[in-house]
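New to this one? Have a look at the fold below, and then we'll walk through its core and its strands.

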Amino acid sequence: MDTPPPSTAPTPPTAEDIAAFKEQLGRPPRGLRAIAHRCPCGRPDVVETAPRLEDGTPFPTLYYLTCPRAASAIGTLEANGVMKEMSERLRSDPDLAAAYRAAHEDYVRRRDEIEELTGFPSAGGMPDRVKCLHVLVAHSLAAGPGVNPLGDEAIALLPEWWAKGPCVAAGAGDRADGGAPTGTEGPA
């Protein structure tokens with residue numbers, strides 16, 4: 001993509017945001033703290049979750065991608081071997097490895113500012129490998145460009161997922177594109 005989506009400030013979730021989330025993932029949110037990034041269409045595409053779910057279960061994934069169109073496009077990147085190529089580059093490029101470690105430290109710092117999860121990893125395979133591009137893209141969208149180099153790279157490889165309009169018709173009970181709800185891994 002030539003121009004990544006603009007950064008947006010985190011906001012408390014509204015009733016419309018929660019309805020959009022339910023349509024995006026096909027279930028109510030758990031541990032939802034904020035809308036960490038909004039798609040250019042105005043709907044949430046990344047949420048911030050609590051480090052512990054309501055029942056006390058640790059959930060180290062702070063930023064969770066919710067947009068099914070973005071998730072699908074990222075899944076295609078994963079299926080095409082992008083994660084393997086990125087992980088190989090981490091082993092051979094010390095500058096990239098250092099920048100990725102800094103992204104890991106940023107992620108953990110942001111999560112620990114909410115609640116410390118001692119002994120838990122960050123997410124997405126950070127800092128040593130690439131395990132989930134969804135998490136890296138979510139981190140890049142929430143934190144802004146320049147924080148997670150591999151998340152930024154993945155965003156650059158994506159199509160403009162918002163170009164066809166909103167992925168869901170918030171509050172209408174139906175997805176705007178007529179498809180079935182999809183999601184990414186984890187309990188957000």
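Is strand β2 mostly covered or mostly exposed? Strand β2, residues 44–49, is mostly covered, with six of its six residues buried. Keep in mind that this is a predicted model.

**Strands around β2**
- Strand β1 (residues 32–38) runs antiparallel to β2, and five bridges join the two.
- Across that pairing, His 37 stands opposite Val 46 in β2.
- The hairpin of β1 and β2 has five residues between the strands, and Gly 42 there takes a positive phi near 105°.
- β2 also pairs with β3, again antiparallel, through three bridges.
- In this second pairing, Glu 48 stands opposite Tyr 63 in β3.

**The largest nonpolar core**
- In soluble globular proteins, nonpolar side chains tend to be buried together.
- Here, the largest nonpolar core has 40 residues, and Val 46 and Tyr 63 are among those with the most contacts inside it.
- Others in that well-connected group include Leu 65, Val 130, Leu 133, Leu 150 and Trp 161.
- Elements giving two or more residues to this core are β3 (63–65) and the helices α2 (68–79), α3 (82–92), α4 (94–114), α5 (133–143) and α6 (149–157).
- The largest share, seven residues, comes from α5.

**Leu 133 and a second core**
- Setting aside its neighbours within four places in sequence, Leu 133 is in contact with Ile 74, Leu 77, Glu 78, Val 82, Met 83, Met 86 and Ala 154.
- Apart from the largest core lies another one, of seven residues, including Phe 21, Ile 35, Leu 53 and Tyr 64.

Terms used:
Residues are numbered from 1 along each chain as its sequence is written. This is a predicted model: local features need pLDDT of at least 70, side-chain atom pairs count only at pLDDT 80 or more; totals for chains, interfaces and linings use all residues. Side-chain values use heavy atoms; hydrogens and water are left out. A nonpolar core is a set of buried Ala, Val, Leu, Ile, Met, Phe, Trp, Tyr and Cys residues joined through side-chain atoms within 4.5 Å. Buried means under 20% relative accessible area, exposed over 50%, partly exposed in between (1.4 Å probe, protein chains only). Helices (H or I, at least four residues) and strands (E, at least two) are DSSP runs, numbered from the N terminus. Contact means heavy atoms within 4.5 Å. Two strands pair if DSSP finds at least two bridges between them.
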